[in-house]
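Student: Could we walk through this model together, one question at a time? I would like to see the reasoning behind each answer.

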Amino acid sequence: MKKFGFLVLLFVFGLVFPGYSHAATDTKIILDGKEIVQPSDTKAEIINSKVMVPIRVVSENLGYSVEWRQQTQTVTISKDNTAMQMIVGQKTATVNGSNVNLDAPPLVKNGTTLVPLRFIGEEMGLKVGWNNTTKTVTLVTQNSGSGNGTTTPPNSGNNGGGSDQEGLVLVNGISFSDNRFMIATSGSTKPNVFTMTGPDRIVIDLPNTAFADSFSEGQALDSNQNGQLVVSGYPDVSKIRYSLYSNSPSTLRFVIDLSSSKGYSVQNDSGLIMINLDNQSGTPAPPVGNNGKKVVVIDAGHGDHDPGAIGVTGKREKDFNLAMALKVEALLKKESKIDVVLTRSDDTFLALKERVKIAQDIKADIFISIHANSGPTAANGVETFYTRSNSKALATVMHKYLLQSSGLKDRGVKTASLHVTRETTMPAVLLEGGFLSNKSDEAALFTESFQNSVAKGIVAGIKEYLGIQ
């Protein structure tokens, strides 16, 4: 099982690459309102439109221990139950043993390791900000209660930095599942939704909004801020286009291209806009979880350019995860007391925080993330992870059924600081269905009989935990 980290473009110090450039500035780092003292010869700076920070000074100010091994060029950051490891020259970091994909390896400069600011925010649970005018990084811990509301760090295609997004609601990500188009935002906005013909389409305009820097990590976004999400498996919809429609005021437009005229309903909760195409009347549909139904979010790990683990015969974890999620969804749809929502229903990508946000915004009762594992070739079996104490009971029940339905070795219920189980507030677990790095496990995972059996087991576990007969 791999975790996806924020994509970043870095270069190894000392190597010469065409087009390499950086902006050396007296960039400041403010942690909970106090400036961090940085090394005089290696300070935070913008490199290729990315804010890079010295990992040691940030980590040690947050109470993490930092270990540098010169021989292997490895930096290890640890605190409590969290351990992060990065290796200069490699494109994959690890967090508690799970892989975090990077576009390129970390940068070493004057003996100091520089890492992208977003990696710090994602893996250390910080709110990060960037003031492009003063060249100041702000870091706010979850419990500090401080913060100045600055915007996210600049990235390529946003040369003006975060300052030009000030005051705007940011669109963090989109997904299409169960004939529902979902838009995750940083705050409340009032969508203007209407239909057009020739060809048929549904248009959603969001005034006073902008694409968040993280949006382009999950979806294609060109230099003119245009892109599209290809939809498969839904005959009513061919694709969803999106663009910066207007600069004054800044307005984003999303267009659902239809095969024919179709009704819809709009649900707009703070932070999540949902266009439901299954409602033909055009009147508002009952919100997810209406009439006392329990809301279950099924999360198929990885997707699109993030394949997850690769099996001994080349099979991809993302394909197993999605196949399992779709089978679980089909079974849950038969349960009259459950509403099921998938974070993804096809080969698309969502950042970890967007998966969490979907569950948070629809006030899910439980969150279940489906994965397959990777490790030494001898490692095999199933295991279930949870982070918070309110998830232990769910983990125990789900693991019981995962073990019974899979027939694989019992590796137990374990705790780990995984993003989707840590940042959610409802009971949340991550299921590891077997090891793709093990020849026997991999062969089983991709059979219909195994997937059908485990899907039934997952549903049985959900029903027992929720007390549904």
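Tutor: Gladly, and we start with a definition: buried means under 20% relative accessible area, exposed over 50%, and partly exposed in between, with a 1.4 Å probe and protein chains only. This is a predicted model, in which local features need pLDDT of at least 70 and side-chain atom pairs count only at pLDDT 80 or more, while totals for chains, interfaces and linings use all residues. Residues are numbered from 1 along each chain as its sequence is written, and side-chain values use heavy atoms, with hydrogens and water left out.

Student: Is N172 buried or exposed?

Tutor: N172 sits in strand 16 (residues 169-177); helices (H or I, at least four residues) and strands (E, at least two) are DSSP runs numbered from the N terminus. Its contacts (heavy atoms within 4.5 Å), leaving aside neighbours within four places in sequence, include A184, F215, E354 and K357. With a relative accessible area of 13%, N172 is buried.

Student: What is the relative accessible area of K135?

Tutor: K135 belongs to the loop between strand 14 (127-131) and strand 15 (136-140). Its C-alpha atom is separated by 7.4 Å from that of D26, 109 residues apart along the chain. K135 is partly exposed, and its relative accessible area is 25%.

Student: Which strands are the edges of the open sheet with the order 18-19-23-22-21?

Tutor: That sheet has 5 strands with antiparallel pairing, where two strands pair if DSSP finds at least two bridges between them. Strand 18 is joined to strand 19 (residues 201-207) by 5 bridges, and M196 stands opposite R201 in strand 19. Two strands pair on one side only, and these edges are strand 18 (192-196) and strand 21 (226-230).

Student: How many of the residues of strand 28 are buried?

Tutor: In a regular strand the side chains alternate between the two faces of the sheet. In strand 28, I366, I368, I370 and A372 are buried on one side, and F367, S369, H371 and N373 are buried on the other. The strand is largely enclosed by the rest of the structure, because the buried count is 8 of the 8 residues.

Student: Which residue stands opposite N373 in strand 31?

Tutor: Strand 28 pairs in the parallel sense with strand 26 (residues 294-300) over 5 bridges, where V297 stands opposite F367. It also runs parallel to strand 31 (residues 428-435), joined by 6 bridges. In strand 31, the residue opposite N373 is F435.

Student: What handedness does the β-α-β unit of strand 29, helix 6 and strand 30 have?

Tutor: Strand 29 (residues 382-386) and strand 30 (residues 410-415) run parallel, with 4 bridges between them. A crossover is right-handed if, with the strands pointing away from the viewer, the path from the first strand over the helix to the second runs clockwise. With helix 6 (residues 392-406) included, this unit is right-handed.

Student: Which element gives the most to the largest nonpolar core?

Tutor: A nonpolar core is a set of buried Ala, Val, Leu, Ile, Met, Phe, Trp, Tyr and Cys residues joined through side-chain atoms within 4.5 Å. The largest one has 36 residues, and I298, L332, I368, I458 and I462 touch the most other members. I462 is in contact with residues including I298, L332 and I368, and both I458 and I462 are among the buried residues of helix 9. The element that gives the most, with 7 residues, is helix 9.
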